[in-house]
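This report walks through selected features of a single protein chain, with the sequence and the coordinates shown below.

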Amino acid sequence: MVARKHHIIQASTLFGDIPSTDIAPCDDPLEMIERSGLVGLGGGGFPTAKKLAYGKGCDVVIANAAECEPLLEHNIARLETDSATILSGLTIVKRIIGARRAIVAIKQKHVAAIQALRHTLADADGVTIDSQIEIVFLKDRYPAGDERAIIRDVLGTLLPPDAIPSAAGAVVMNVESLMRVNRAVIHRQACTTKDITVAGHIEGSGFDNTTSLVIYDVPVGKTVREVLDALGVHVSADQQIIIGGPYMGSLGTLDSVVGATCGGIIIGDSELADSGAMGIIVCACGASEERLRAIAKAKGAELVGIRLCKNACCLANGRLKCRNPGICPGQAQNVIALKKEGAQSILISHCTDCSNTVMQIAPRLGLRVHHATDAFMRAGGEPLIRAFRATNR
């Protein structure tokens, strides 16, 4: 799989001047980050200052540059255009927690971003940017950007499902968060804007649907309607909007708001009809059971069975987590069970490897396979998530 095309747009060209909000200066970088209001921009939105305070004493800080969800491109775009700012933020975080190592974890297909990183590191002065920052390549599979997957693939440690990176002596941060660490500490800017990707049916923008529109610094609080109107993109009644990525995003509307954790706005097709008996396999790395049920209903299917991926486990807080993200133990048992229950098709939300295993058996049993991301991958001109070459395993 190759990196998508993306076109970068400054939000100020869409909405006019967007003034930054200054924060009061102090001598403590961690306090500056707290004053900025920065939260994790690639995940659950946990306050960054608290994350770094808890991570003090960890041995390594890792910049998560996986750009895990398909169709999203804003983190990779920032690496291409602002690698010095991101590496400065990584250096600041390394010093705050007292880490020995700093690593950028990125997929090898992102050639322009890697070149930008290497060029910046070659000119690093060792003060503003640590010249010893390492680059480690991730496999091109989903969910390469899961924190536990990164810890496993970069450090060789598989953490339990309920563990956080500090259990492996690590802090993992999204690259946009690192950029905004630099803005908070060096430029005294509060975190009031968000980079996003707009993808899928974007014909009115003048770009084809195989191009992601990356918009830098969208003011938090803008609605989807305001963003799409500014781009000239129209959403028809039979199209869907997802906020975030195709795997883990949630269905939205034109009145949905760009928040601090909003990664994307993707306009997808309606679900293709399949009125036969359908079974569902729920994966911890993908769409929830609720969303899968909604997709099955939109297809007009009769739901005959629900199974849980063999690697999924339920934590005490009710959340599903994968025992080994992106490494599948096999789905034959689930597929056969659904077949016996009368399923004529299967709806999955699986990672790359689980999709491989489902496709090894389901078609042989005469079962049609649908993936939760299909409507959005079609709209973005991307291959559907089904079987992958063994080299991606």
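Are Asp140 and Lys107 buried or exposed? Both residues are buried, and the sections below return to this pair after a description of the sheet and the helices that lie across it. The model is a predicted one.

## The six-stranded sheet

Six strands form an open sheet in the order S1-S7-S6-S10-S8-S9, and the pairing within it is mixed. Strands S1 (5-10) and S9 (250-252) stand at the edges and have a single partner strand each, so one side of each is left without a neighbour in the sheet. On average, and with direction ignored, neighbouring strands of this sheet are turned by 30 degrees against each other.

Within the sheet, strand S8 (residues 240-243) pairs with strand S10 (residues 264-268) in the antiparallel sense, over four bridges. In this pairing, Ile241 stands opposite Ile267 in S10.

## Helix H4

Helix H4 (residues 74-97) lies across S1, strand S6 (193-200) and strand S7 (211-219), and runs at about 75 degrees to S7. Although H4 has 24 residues, its end C-alpha atoms are only 27 Å apart, which falls short of the 34 Å that a straight helix would reach at 1.5 Å a residue. H4 also bends by about 100 degrees at Asp82.

Of the 24 residues of H4, 18 are buried, so the helix is largely enclosed by the rest of the structure. The residue that follows H4 is Gly98, with a positive phi near 75 degrees.

## Helix H7 and its surroundings

Helix H7 (residues 175-187) lies across S6 and S7, and its direction is at about 150 degrees to S6. For the 13 residues of H7, a rise of 1.5 Å a residue gives an expected span of 18 Å, and the end C-alpha atoms are 17 Å apart, which agrees.

Because 11 of its 13 residues are buried, H7 is largely enclosed by the rest of the structure. The buried residues include Glu176, Arg180 and Arg183, alongside others such as Val175, Leu178 and Val185. The elements that cover the buried residues of H7 include helix H2 (29-36), strand S2 (60-65), H4, strand S5 (170-174), S6 and S7.

## Strand S5

Strand S5 is mostly covered, with five of its five residues buried. Both of its faces are covered, since Ala170, Val172 and Asn174 on one side are buried, as are Val171 and Met173 on the other. In a regular strand, side chains alternate between the two faces of the sheet.

S5 runs parallel to S2, and five bridges join the two strands. One of the residues in this pairing is Val60, whose bridge partner in S5 is Ala170.

## Salt bridges

The structure holds 24 salt bridges. One of them joins the side chains of Lys51 and Glu147, at 3.4 Å from N to O. Lys51 lies in helix H3 (residues 48-54) and Glu147 in helix H6 (residues 147-155), so the pair ties together parts that are 96 residues apart in sequence. Lys51 is partly exposed, with a relative accessible area of 26%, and Glu147 also counts as partly exposed, at 31% relative accessibility.

Asp195 forms a salt bridge with Arg78, and the closest N and O atoms are 2.6 Å apart. This pair links distant parts of the chain, with Asp195 in strand S6 and Arg78 in helix H4, 117 residues apart. Both Asp195 and Arg78 are buried. The side chains of Asp140 and Lys107, the pair named at the start, meet in a salt bridge at 3.7 Å, N to O. Here Asp140 lies in the loop between strand S4 (134-138) and H6, while Lys107 lies in strand S3 (residues 101-107), 33 residues apart. Elsewhere, salt bridges that share partners join Arg78, Asp82, Glu176, Arg180, Arg183, Lys194, Asp195 and Asp217 into one network.

## The surroundings of Leu347

Leu347 lies in strand S15 (residues 345-348), and is buried, with a relative accessible area of 0%. The C-alpha atoms of Leu347 and His370 are 4.7 Å apart in space, although the two residues are 23 residues apart in sequence. Leaving aside residues up to four places away in sequence, Leu347 touches several residues, among them Met278, Ile280, Leu292, His370 and Ala372.

How values were computed. Residues numbered from 1 in each chain as written. Predicted model: local features only at pLDDT ≥ 70, side-chain atom pairs only at ≥ 80, totals over all residues. Heavy atoms only, no water. Pairing = 2+ DSSP bridges. Axes fitted to C-alpha atoms, helices over the stretch in contact; angles between N-to-C directions. Contact = heavy atoms within 4.5 Å. Expected span 1.5 Å × (residues − 1). Bend = angle between axes of the 7 residues up to and from the residue. Buried < 20%, exposed > 50% of the residue type's maximum accessible area, 1.4 Å probe, protein only. Salt bridge = Lys/Arg side-chain N within 4 Å of Asp/Glu carboxyl O.
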